[in-house]
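Have your viewer open and a selection box ready. This tour goes from stop to stop, saying what to select and what is there.

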Amino acid sequence: MPVNTYIAEWNSHIPFPAEIVAMEETTAELTKSITSFNTPLEFIIGFIVIAIFAGFGEELTFRGVLQNQFNSVLKNQHLAIWLSAILF
């Protein structure tokens with residue numbers, strides 16, 4: 001955490017172009033609206049979409065697609081597993 005805090009502080013002082021700052025502000029507003037839940041049903045739906053679907057998509061992408069592609073190209077299952085893990 002100390003390293004992460006240092007990097008976040010350093011990042012906050014980097015001068016970015018106005019377009020990137022505006023894009024970051026828009027993204028922050030979008031994130032806030034997506035993660036604001038007013039009812040338990042909204043929370044449950046949000047949890048399913050954010051936690052379950054995202055995890056499933058990551059596993060499908062990294063283990064189902066990339067790992068198999070690496071294995072096909074490299075013909076080494078262990079190296080394919082390590083490469084997809086490093087990219088993940």
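Helices here are DSSP runs of H or I at least four residues long, numbered from the N terminus. With that in mind, select Gly64: this glycine is found in helix H3. Gly64 is partly exposed, its relative accessible area being 33%. For a sense of scale, draw a distance from the C-alpha of Gly64 to that of Trp10: 54 residues separate the two along the chain, and the atoms are 37 Å apart.

**Colour by confidence**

You are looking at a predicted model, so colour by pLDDT before going further. The protein averages 90, and 100% of the residues score at least 70. By element, the lowest confidence is in H1, with a mean of 89, and the highest is in helix H4 (residues 77–87), at 92.

**Along helix H3**

Now select residues 40–74, the range of helix H3. How does the span between the end C-alpha atoms of H3 compare with the 51 Å that its 35 residues should cover at 1.5 Å a residue? The end atoms are 48 Å apart, which agrees with the expected span. The helix does bend, by about 25 degrees, and the place to centre your view is Leu66.

Stay in H3 and show the side chains of Arg63 and Glu59. Between them is a salt bridge, with the closest N and O atoms 2.6 Å apart. The structure holds 1 salt bridge, so this stop covers that topic, as the count is of side-chain nitrogens of Lys or Arg within 4 Å of a carboxyl oxygen of Asp or Glu. Both partners belong to helix H3 and sit 4 residues apart, about one turn of the helix. Is Arg63 buried or exposed? At 55% relative accessibility, Arg63 counts as exposed, because the cut-off for that class is over 50%. Glu59, at 38%, counts as partly exposed.

**Where H3 meets H4**

Next, select Gln67, also in helix H3. Gln67 is buried, with a relative accessible area of 17%. Which residues does Gln67 contact, once its neighbours within four places in sequence are set aside? They are Phe62, Ala80, Ile81 and Ser84.

Follow that list to Ser84, which is found in helix H4. Ser84 is buried as well, at a relative accessible area of 4%. Not counting residues up to four places away in sequence, Ser84 touches Phe62, Gln67 and Phe70. Showing the side chains of Gln67, Ser84 and Phe62 together is worthwhile here: Phe62 is among the contacts of Gln67 and among those of Ser84.

To see how the chain passes between the two helices, select Lys75, in the loop between H3 and H4. Phi of Lys75 is near 55 degrees, a positive value in a residue other than glycine. Lys75 comes after H3, and at 68% relative accessibility it counts as exposed.

**Aromatic rings**

Show the rings next. A search of the whole structure finds 3 aromatic pairs. One of them joins Phe37 and Phe43 edge-to-face, with 5.7 Å centre to centre and 85 degrees between the planes. Phe37 counts as partly exposed at 30% relative accessibility, and Phe43 does too, at 47%. Another pair, Phe62 and Phe88, is edge-to-face: the centres are 5.2 Å apart and the planes meet at 80 degrees. This pair links distant parts of the chain, with Phe62 in helix H3 and Phe88 in the segment after H4, 26 residues apart. Phe88 is exposed, with a relative accessible area of 56%. Before leaving the rings, add Phe47 to your selection: ring pairs link Phe37, Phe43 and Phe47 into a cluster.

**Two last distances**

Select Ile7 in helix H1, which covers residues 2–12. Ile7 is partly exposed, at a relative accessible area of 42%. From its C-alpha to that of Trp82, 75 residues away along the chain, the separation is 27 Å.

Finish at Glu29, in helix H2 (residues 18–34). Glu29 is exposed, with a relative accessible area of 58%. How far from Glu29 is His78, C-alpha to C-alpha? The two are 42 Å apart in space and 49 residues apart in sequence.

Terms used: Residues are numbered from 1 along each chain as its sequence is written. Side-chain values use heavy atoms; hydrogens and water are left out. Buried means under 20% relative accessible area, exposed over 50%, partly exposed in between (1.4 Å probe, protein chains only). pLDDT is the predictor's confidence in each residue, from 0 to 100. Contact means heavy atoms within 4.5 Å. The expected span of a helix is 1.5 Å times one less than its number of residues. The bend at a residue is the angle between axes fitted to the seven residues ending there and the seven starting there. Rings of Phe, Tyr and Trp (its six-membered ring) pair if their centres lie within 6.5 Å; planes under 30 degrees apart count as stacked, over 60 as edge-to-face and the rest as tilted.
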